[in-house]
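Subject: A structure for you to look at

Hello,

I am passing a structure on to you, and I hope you enjoy looking through it. Please open it first, and then read my notes below.

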Amino acid sequence: MSLNHIRPWRNIYRRESRKIHVGNVPVGGDAPISVQTMTNTLTSDVKATVEQVQRAAEAGADIVRVSVPDEASSKALKEIVRESPVPIVADIHFHYKRGIESAEAGAACLRINPGNIGDEKRVKEVINAARDHNCSIRIGVNAGSLEKHLLEKYGEPCPDAMVESGLDHIRILQDHDFHEFKISVKASDVFMAAAAYQQLADQTDAPIHLGITEAGGLMSGTIKSAIGLGNLLWMGIGDTIRVSLSADPVEEVKVGYEILKTLGLRHRGVNIISCPSCARQGFDVIKTVEALEKRLEHIKTPMSLSIIGCVVNGPGEALMTDVGFTGGGAGSGMVYLAGKASHKMSNDKMIDHIVEEVEKRAEVIEADQSQDAAE
């Protein structure tokens with residue numbers, strides 16, 4: 001990322017890693033941190049799975065993973081890959097043949113779990129299939145499914161056991177001259193996952209896939225993921241992320257982007273800065289923000305919008321946003337454009353008006369970016 005010399009306390013120095021590709025999406029190196037999600041439809045139901053992949057892609061997912069638990073799923077994968085607007089990762093558990101079939105079906109990446117996939121001979125067959133079909137691999141270590149010998153050695157799932165599992169399988173891939181891989185060491189325990197990822201980051205230059213596995217429902221899982229992933233990303237660790245929620249995959253994508261936007265690591269769409277509201281508010285802030293979040297979902301241009309209920313902090317926040325609205329009195333408030341007070345607008349018309357101003361500002365930003373790219 002570019003350094004902020006004016007505000008150096010915002011700088012995040014990303015860990016140096018190798019760059020690989022998941023289809024046409026670069027992961028690691030100087031590539032943007034990619035956002036992933038996973039479908040929860042039956043993979044054998046091609047129509048439902050493709051629809052979910054497309055919705056996730058529209059929400060901003062760079063990569064989508066689908067589970068391939070049986071032969072019917074691997075057969076369906078070929079059509080899913082063909083219809084998908086983003087690279088598809090095949091999630092493989094227990095049966096190595098599903099990995100081979102998925103590579104043949106066109107998966108961009110195979111996620112294999114070292115604790116479940118089998119012995120080195122089976123892993124080798126999966127590696128050969130990945131190489132033959134230009135497919136990358138994710139080594140997906142999970143605290144809940146570690147190898148038996150590691151559980152016996154350490155007594156319980158722990159960061160050391162997870163990292164040892166991951167490094168053992170890195171050696172297998174490297175011994176077979178396969179280097180297009182990334183790795184994750186996930187746990188539902190935030191402390192365990194963070195410790196494992198920190199240890200792993202010091203011992204390999206492979207791209208790292210971040211995740212707090214089985215994080216929970218929309219609210220609890222978002223908080224747990226924000227704490228775990230946010231701290232690791234702040235430390236510069238992580239090249240691609242997946243937020244694991246018991247919720248619609250689209251929500252995982254939204255949360256992932258919000259985490260990255262908060263840290264200044266990735267920008268997409270409108271970043272709404274809004275107050276919690278209080279007795280000073282000149283309009284209903286909460287309902288206004290709820291409405292604007294839905295009305296502005298179609299905006300992909302990175303930009304900022306401040307919605308503040310009163311003049312205590314409103315003008316100051318508006319100075320730093322592309323579009324702003326600050327509540328005043330007598331049923332109206334002030335609209336700010338590019339950090340400057342522009343005009344008053346009545347509260348009853350301001351939602352439609354703000355949407356229009358955001359759309360116009362997005363067009364200006366896009367035009368400026370196109371001109372800069374052309375010069």
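Before we start, one term: two residues are said to be in contact when they have heavy atoms within 4.5 Å. Please also keep in mind that this is a predicted model.

With that term in hand, let us begin with helix 7 and helix 8. From helix 7, the residues Pro159, Asp160, Met162, Val163 and Leu167 meet Met192, Ala195, Ala196, Gln199 and Leu200 of helix 8. Sorted by class, this contact has eight nonpolar residues, one polar and one charged. Helix 7 covers residues 159-175 and helix 8 covers residues 190-201. Their axes are 8 Å apart and the packing angle is about 45°. Are they parallel or oblique? Angles under 35 degrees count as roughly parallel and those from 65 to 115 as roughly perpendicular, and helix 7 and helix 8 are therefore oblique to each other. Their crossing is right-handed.

Now for the domains. The domain assignment splits the chain into domain 1, at 8-263, and domain 2, at 270-373. Between the C-alpha centres of domain 1 and domain 2 there are 37 Å.

A second pair of helices to look at is helix 1 (residues 46-59) with helix 10 (residues 249-262). Their axes come within 9 Å and cross at roughly 20°, which makes helix 1 roughly parallel to helix 10. Helix 1 passes helix 10 in a right-handed crossing. Which residues make this contact? Helix 1 brings Gln52, Arg55, Ala56 and Ala59, while helix 10 brings Pro249, Val250 and Val253. By class, that is five nonpolar residues, one polar and one charged.

Next comes the stretch at residues 271-360, where UniProt, in an unreviewed entry, places the feature "domain: IspG C-terminal". Over these residues the chain is 30% helix and 31% strand. The C-alpha atoms at the two ends of the stretch are 16 Å apart.

My last pair is helix 11 (residues 285-295) and helix 13 (residues 350-374). The two axes come within 10 Å and cross at roughly 40°, so helix 11 and helix 13 are oblique to each other. This crossing, too, is right-handed. On the helix 11 side the contact has Thr288, Ala291, Leu292 and Arg295, and these meet Met350, Ile351, Asp352, Ile354 and Val355 in helix 13. The class count here is six nonpolar, one polar and two charged residues.

If you would like a place to start in the viewer, try the contact of helix 7 with helix 8, with Met162 and Leu167 among its residues.

Best wishes

How values were computed. Residues are numbered from 1 along each chain as its sequence is written. This is a predicted model: local features need pLDDT of at least 70, side-chain atom pairs count only at pLDDT 80 or more; totals for chains, interfaces and linings use all residues. Side-chain values use heavy atoms; hydrogens and water are left out. UniProt positions are given in the numbering used here, feature names are shortened, and annotations may be inferred rather than shown by experiment. Helices (H or I, at least four residues) and strands (E, at least two) are DSSP runs, numbered from the N terminus. Axes are lines fitted to C-alpha atoms, for helices over the stretch in contact, and angles run from 0 to 180 degrees between N-to-C directions. Angles under 35 degrees count as roughly parallel, over 145 as roughly antiparallel, 65 to 115 as roughly perpendicular and the rest as oblique. A crossing is left-handed if the near helix is turned anticlockwise from the far one by less than a right angle, and right-handed if clockwise. Ala, Val, Leu, Ile, Met, Phe, Trp, Tyr, Cys and Pro count as nonpolar, Asp, Glu, Lys and Arg as charged, and the others, Gly among them, as polar. Domain bounds come from an automatic or database domain assignment.
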